[in-house]
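Me: I'd like to learn how to read charged pairs and cysteines in a model like this. Can we go through it together?
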Amino acid sequence: MPRVRLVNDDLEVEVEPGTTLSLVCFQSEAGLPFGCRAGTCGTCAMSVVEGQENLDPPGFVEADTLEVCGEDPGRRLACQVIVRDGDIAVEW
């Protein structure tokens, strides 16, 4: 099973493939802030520091919101990220 490392909270959580990162943060009581949970506000913008290849590419709505947030290629919205078959590490 994939593992998600939440750098800011010094947490590592094992998750089922297909789990959203927002659910991981909610269940582990991580400190990452959320707003709309629909990919439009950018509140949950974070950086994938390891395992970018283990995530689907951003969808249209996420890509539009990320364009406003800056050009960091590792930048994603936690409410839109789905953990696939490999480990990831994120920070915000």
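Me: Is Arg-3 buried, partly exposed or exposed?

Reply: Keep in mind that this is a predicted model. Arg-3 is partly exposed, since its relative accessible area is 29%.

Me: Which residue forms a salt bridge with Arg-3?

Reply: Side chains of opposite charge can pair when their charged atoms come close. Here Arg-3 pairs up with Glu-12, with the closest N and O atoms 2.6 Å apart. Glu-12 is partly exposed too, at 44% relative accessibility. There's also a network of salt bridges that links Arg-3, Glu-12 and Glu-14.

Me: How many salt bridges are there?

Reply: The count is five. One of them joins Glu-50 and Arg-5, at 2.8 Å from N to O. That pair links distant parts of the chain: Arg-5 sits in strand β1 and Glu-50 in strand β3, 45 residues apart.

Me: What about Arg-76 and Glu-62: buried or exposed?

Reply: Both are buried. Their side chains meet in a salt bridge, 2.8 Å from N to O. Arg-76 belongs to strand β4 and Glu-62 to helix α2, so the pair ties together parts that are 14 residues apart in sequence.

Me: Now the cysteines. How many disulfides does the structure hold?

Reply: Zero. Cys-36 is in no disulfide, and its nearest cysteine sulfur belongs to Cys-41.

Me: Why is there no bond between the sulfurs of Cys-41 and Cys-36?

Reply: Look at the distance: a disulfide needs the two sulfur atoms within 2.5 Å. These are 3.7 Å apart, so they're too far for a bond. As for accessibility, Cys-36 is partly exposed at 35%, and Cys-41 is partly exposed at 40%.

Key: Residues numbered from 1 in each chain as written. Predicted model: local features only at pLDDT ≥ 70, side-chain atom pairs only at ≥ 80, totals over all residues. Heavy atoms only, no water. Buried < 20%, exposed > 50% of the residue type's maximum accessible area, 1.4 Å probe, protein only. Salt bridge = Lys/Arg side-chain N within 4 Å of Asp/Glu carboxyl O. Helix = DSSP H or I, 4+ residues; strand = E, 2+ residues; numbered from the N terminus.
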